[in-house]
Each structure stands twice: as C-alpha cells, then as structure tokens.
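Visitor: I would like to go through this structure with you. Could we begin with the overall picture and then turn to the details?

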Amino acid sequence: MRGRPGRRIARVAVGSAVMAGTAGAVHHHQQKKWDAKDQAAYQASAEQQQLADQQAQIEQLQQQQQAAPPPPQYAPPPPQYAPPPPQYAPPPAPAAAAAPSYVDELQNLAALRDQGIISSEDFEAKKKQLLGI
C-alpha cells in the first residue's frame with residue numbers, strides 16, 4: 001500500500017457522495033419527465049372526455065328536435081261565426097237626493113251659528129256660496 005490509508009477512505013467517500021448526488025439529480029430529472037408525461041396524458045384524456053360529452057349533448061338535442069312535432073306553417077282558420085258581443089252591466093241609476101238640499105244645509109249652518117260654533121260672518125259667507133250669490 002502506498003500512501004496513507006485515510007486518504008483512500010476519503011476518496012471512496014467523496015466518490016460515493018458525487019455518485020449519489022449525480023444519481024439523485026438524474027432521478028429528479030427523470031421524475032420531472034414522468035410527471036410531465038402523466039400531465040399531458042391527463043390533459044388529453046380530459047379533452048377527449050369533454051369532446052365526448054359535447055358530442056353526446058349534440059346528439060341528444062338532435063333527437064329532441066326530431067321527436068318534436070314541426071311548427072304549423074299556416075295560421076289556424078278563422079272561426080265560422082262571430083263571437084257574441086260582450087255583455088256590459090247597465091249604467092248605475094242616478095243618485096236620488098244624495099246631496100242634502102239647500103234648505104237642510106242652511107238649517108244645519110243656522111244651528112251651528114246659534115250654538116256659537118261658527119260666526120255670523122261665516123254663516124253669511126256659506127249662505128251666499130250655497131245660493132250662488
């Protein structure tokens with residue numbers, strides 16, 4: 001044996017570490033490739049599934065259109081007779097003496113004046129208004 005025995009152990013240890021580091025880097029690189037390949041396969045599968053779903057939806061809509069009766073091409077014929085005219089309620093009868101007469105109104109105002117609720121001037125003004133003077 002030539003040289004120191006400790007150096008040989010150090011060389012072996014360093015060589016092993018370099019090989020382990022290289023192997024780790026290669027493994028990591030390979031793992032990234034596999035992940036990218038898996039991702040591409042997943043995307044392709046998802047796109048195929050989406051296309052298949054769209055195609056199924058198109059077919060379903062086409063079947064619904066074929067099953068539905070076609071819309072009429074012409075307007076329905078007019079009725080053979082005219083409908084009867086609408087019946088309206090008769091107009092209300094004129095109100096019979098709904099408003100109090102001028103005499104009753106003046107008597108009520110005179111009673112309010114006599115009780116002192118309204119003044120004589122208010123009574124005269126309202127009397128002129130009722131009589132149209």
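Guide: The following exchange covers the fold, the helix contact and the salt bridges of this predicted model.

Visitor: What does the secondary structure come to?

Guide: The protein has three helices and zero strands. Along the sequence, the pattern reads α-α-α.

Visitor: And what share of the residues counts as buried?

Guide: Of the 133 residues, 3% count as buried. The accessible surface amounts to about 12700 Å², and carbon and sulfur atoms contribute 59% of that area.

Visitor: How do α2 and α3 run, roughly parallel or antiparallel?

Guide: The axes of α2 (residues 102-115) and α3 come within 10 Å and cross at roughly 175 degrees. Angles over 145 degrees count as roughly antiparallel, and the two helices are therefore roughly antiparallel to each other.

Visitor: Which residues make that contact?

Guide: On the α2 side they are Tyr102, Glu105, Leu106, Leu109, Ala110 and Arg113, and these meet Ser120, Phe123, Lys126, Lys127 and Leu130 of α3. By class, the contact has six nonpolar, one polar and four charged residues.

Visitor: Staying with α2, where does alanine 111 stand, buried or exposed?

Guide: Neither term applies: alanine 111, a residue of helix α2, is partly exposed because its relative accessibility is 34%, which falls between the limits of 20% for buried and 50% for exposed. Its C-alpha atom is separated by 10.0 Å from that of phenylalanine 123, and the two residues are 12 apart along the chain.

Visitor: Changing topic, how many salt bridges are there?

Guide: The count comes to two salt bridges. As general background, side chains of opposite charge can pair when their charged atoms come close.

Visitor: Which side chains meet in the salt bridge with arginine 113?

Guide: Arginine 113 pairs with the side chain of aspartate 114, with an N to O distance of 3.6 Å. Arginine 113 also appears among the α2 residues that meet α3.

Visitor: How accessible are those two partners?

Guide: Aspartate 114 counts as exposed because its relative accessibility is 61%. Arginine 113, at 27%, counts as partly exposed.

Visitor: And the salt bridge of glutamate 124, which residue is its partner?

Guide: Glutamate 124 forms a salt bridge with lysine 127, at 3.5 Å from N to O.

Visitor: Where do glutamate 124 and lysine 127 lie?

Guide: Both belong to helix α3 (residues 120-131), where they are three residues apart, about one turn of the helix. Glutamate 124 is partly exposed, with a relative accessible area of 33%. Lysine 127 is likewise partly exposed, at 26%, and is one of the α3 residues that meet α2.

Note on methods
Residues numbered from 1 in each chain as written. Predicted model: local features only at pLDDT ≥ 70, side-chain atom pairs only at ≥ 80, totals over all residues. Heavy atoms only, no water. Salt bridge = Lys/Arg side-chain N within 4 Å of Asp/Glu carboxyl O. Buried < 20%, exposed > 50% of the residue type's maximum accessible area, 1.4 Å probe, protein only. Helix = DSSP H or I, 4+ residues; strand = E, 2+ residues; numbered from the N terminus. Areas by Shrake-Rupley, 256 points an atom, 1.4 Å probe, with all protein chains shown as cover. Axes fitted to C-alpha atoms, helices over the stretch in contact; angles between N-to-C directions. Parallel < 35°, antiparallel > 145°, perpendicular 65-115°, else oblique. Contact = heavy atoms within 4.5 Å. Nonpolar A, V, L, I, M, F, W, Y, C, P; charged D, E, K, R; others polar.
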